Amino acid sequence: MPTLPVKCCSAEDATLWAELALVRGVAFAEAALDNQLFLKTCWGYHGNRKLHKACVINRKRSHDVLADSSPELVQSSGRTLTGEWIEETHDDIMFRSDKSEGCLGNLQSETLPKTKCKGRRGKKSSKKKKSEQDGKPHAQQQMVEPSICTEQLWPAVEMFLLCYQLCHPVCCAVLLRDACLWIATCVGHHDDKLTAYFLHRSHGNTLHHKMVELYGKRFRSESVNNSCKSLDTVLDHVILKPCTEEQPHPHVAARSVLQWGNGTLPKFDDFDWMLSKIPGHALVSLNVSPYASPSHLMICRIQHNRQPLLHCITDPDDNLLSQFTDIISQARSAAKSTEKSTFWRKRRQLDQDLEDLLTTMERVWLGVWKILLLGDNFEEAALQDASEELSELISSANGSCCNGGRGWLKLLINCTEYLSNVEVNEFLTAVTMGTVSVAHMGHIYLTAKHIHSIISNSDKSKPRRPITILPGRMLHQFPWEQLPSLQIQPITRMPSMPVVIAHYIMLGRCDTITVDTSSCYYMLNPSGNLGNTERTFSKWFNSEPGWSGVVGKVTNEDHVINIAKYEMFIYCGHGSGQEYLHGDSIQKLHNVATSFLIGCSSGQLVDVGSLDPSGTVLSYLMAASPAVIANLWDVTDADTDRFCYALLQSWLRQEGTSLVSMVTPSQQHCKLPYLVGAASVMYGFPFVLNSEAHSC
């Protein structure tokens, strides 16, 4: 069982206290924030973007609130969390956050008492130790200081940080996620790197915990066979020092990445280390702020060795996501209609409604910031030169850029052709914080278009690189890939940044993954009641050399081993095939095939109590499947068969074809390209190629 920070005698204590800290933090935040001024307060570009003056930590206010509320919190054993105990613990923790290590997580290394006791450090002791620390140099620059937000919001952030520290060792995913999102919401553009850190820490914490355990078991089993000594020492060393050691074994390296940030407040070096491990394509985190109404979409784009780019956008209607949920619910009801004409009339209308919603989402909510979801199509050197030229032009106009200015200018050069004149003006006004006159703005815009044209016509242009989106809670069901401007953009999905990096490590850190498409196992209509699906594919699959599988009603034989034996796996049936290939069995495998799960809701992630969303597709990623094609919601068999047929045909015909680039074109073969086609998405590594051409 993991040790807990100072004087928390059990996981239950820590959870109760974390809940209390979160509740009080929310109260502080809502009192300090005005709904109408939320974006300006936390996410606006203020003047020349200097950080606010450091403010004094208002500890007494935090203590009083905790002490007033704490007597009501009694754990099952009957022991009350007294105000005295909470104040002592809070003071001790906040004192330790001032230590030279700059993180609360170092408390994990201590052995903690099993019963409530007075602090081992009294006031004299605290002052003495604090004075001893004053003269010591800091090992790393701290990211968490009062200057990260306005003075009014710091008490709230302090509470959220306390919640973050307490709930993390307990693996309470919901508390951890909410604390991270609240910190990111309050900090905003006051510190882009810190905001990016907590936005990414809010993703996939339950999955990280599972993968750490899984990879630890695998490494132990392999090491026992190889007579490895001091295994636990090796694993602990990796966990505590991920920034200084390159680990040769993939399970150890992946495990250290998945435990990034565990029990610690962030440091600049640690976050830069994670950014340096990202594969060579952009990762875009999508989250809905927990603050008030209307909905605020927080977008964070990170790339290898680049500064994070962040923006927060308000949903003016405050019902776009609920409209999507209603459409999918109505589609499920319409599918039960026995009258053919009624069936098609309702579903065609819903298909049009979904298309209109996606168009509205891009035009009204995302607007110009849709370019955060577009990949690079120019070489880095060309982008660097172009951004420097634009930056000098802005400086000559007595203007200045916001945080990440060069990164924003690179993004503009990449995506100029997708923006109208009005959108470019809006973008440049935000990036230059309104410091450039209208006349100079027009000149900068024309220069950007000219540079874009020159690079596009040179050999420095290249196909647009894929991106990987990391949808947060409430957003993982939405078909972001089908936004109008993104239909030309190859997109994959993953649960979190650490999972992206761990997955990349498990695949051998290769720039591309080549799949031997002559090695395929298939399960076609295993339930025996999808006759049209069986007739569509059986003759073709049986004629492919090197392919084998089962058609029609299957026996009780073990099929799991085959998805590790072959390099490609196709499932055409109901659901995700969990009845025949259980997720727990899949997770035990080391490397499974690139998989096509062509069934209803095969890629859907479902909220499970207090844990993060889970689904069968995550089991395939845990077992290092390079890519998984799956459906986000229920679909009809005939239309999804059209998609599957078109996808396999287009991918297999030509050697070296990228799988992700074939997904969107194949969706257009569906009679209902939005209601059915848009359900199909790709999880995993974006650079998955086929090894040879097939005459299919």
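Reader: Which residue of strand 9 does methionine 523 stand opposite?

Author: Welcome! This is a predicted model. Strand 7, residues 520-524, and strand 9, residues 568-572, run parallel and are joined by 5 bridges. In strand 9, the residue opposite methionine 523 is tyrosine 571.

Reader: Through which helix does the chain cross from strand 7 to strand 8?

Author: Strand 7 also pairs with strand 8 (residues 547-551), in the parallel sense and over 5 bridges. Cysteine 520 stands opposite tryptophan 547 there. The β-α-β crossover from strand 7 to strand 8 is right-handed, and the helix it passes through is helix 20 (residues 531-543).

Reader: Which residues of strand 7 lie on the side away from Cys520, Tyr522 and Leu524?

Author: Side chains in a regular strand alternate between the two faces of the sheet. In strand 7, 5 of its 5 residues are buried, and both of its faces are covered. With Cys520, Tyr522 and Leu524 on one side, the other side holds Tyr521 and Met523.

Reader: How many residues of the largest nonpolar core come from helix 6?

Author: That core has 203 residues, and Met497, Met568, Phe569, Ile570 and Phe596 touch the most other members. The contacts of phenylalanine 569 include Tyr521 and Met523, as well as Phe596 and Tyr620. Helix 6 (residues 154-167) gives the core its largest share, which is 11 residues.

Reader: Is leucine 412 buried or exposed?

Author: Leucine 412 sits in helix 16, residues 405-415. Among the residues it touches are Leu419, Phe427 and Ala448. Buried means a relative accessibility under 20%. Because leucine 412 has 0%, it counts as buried.

Reader: How far apart in space are leucine 412 and valine 424, C-alpha to C-alpha?

Author: Leucine 412 touches Val424. The two are 12 residues apart in sequence. In space, their C-alpha atoms are separated by 8.2 Å.

Reader: Why do the buried residues of helix 18 line one face of the helix?

Author: Those residues are Met441, Ile444, Tyr445, Thr447, Ala448, Ile451, His452 and Ile455. Seen down the helix axis, they line one face because they fall within an arc of 165 degrees. In general, an α-helix has 3.6 residues a turn, so residues three or four places apart point the same way. For helix 18, the value behind the answer is that arc of 165 degrees.

Reader: Which exposed residues does the face of helix 18 turned away from its buried side carry?

Author: The buried residues of helix 18 pack against helix 15 (380-396), helix 16 and helix 17 (421-431). Turned away from that buried side is a face with three names to look for: Ala439, Leu446 and His450.

Reader: Which helices do the buried residues of helix 15 pack against?

Author: The buried residues of helix 15 are Ala382, Leu383, Ala386, Ser387, Leu390, Ser391, Leu393 and Ile394. They cover an arc of only 165 degrees around the axis, so they are on the same side of helix 15. On its other side, Ala381, Glu392 and Ser396 are exposed. The buried residues pack against helix 16 and helix 18.

Reader: Which residue just after helix 15 takes a positive phi?

Author: Helix 15 has 17 residues and reaches 24 Å from its first C-alpha to its last. Just after this helix, a positive phi of about 60 degrees is found at asparagine 398.

Reader: Is arginine 177 buried or exposed?

Author: Arginine 177 is part of helix 7, residues 173-187. It touches Ser202, Arg473 and Asp612, leaving aside residues up to four places away in sequence. Because its relative accessibility is 6%, arginine 177 counts as buried.

Notes
Residues are numbered from 1 along each chain as its sequence is written. This is a predicted model: local features need pLDDT of at least 70, side-chain atom pairs count only at pLDDT 80 or more; totals for chains, interfaces and linings use all residues. Side-chain values use heavy atoms; hydrogens and water are left out. Helices (H or I, at least four residues) and strands (E, at least two) are DSSP runs, numbered from the N terminus. Buried means under 20% relative accessible area, exposed over 50%, partly exposed in between (1.4 Å probe, protein chains only). Contact means heavy atoms within 4.5 Å. The arc is that of the directions from the helix axis to the C-beta atoms. Two strands pair if DSSP finds at least two bridges between them. A crossover is right-handed if, with the strands pointing away from the viewer, the path from the first strand over the helix to the second runs clockwise. A nonpolar core is a set of buried Ala, Val, Leu, Ile, Met, Phe, Trp, Tyr and Cys residues joined through side-chain atoms within 4.5 Å. The expected span of a helix is 1.5 Å times one less than its number of residues.
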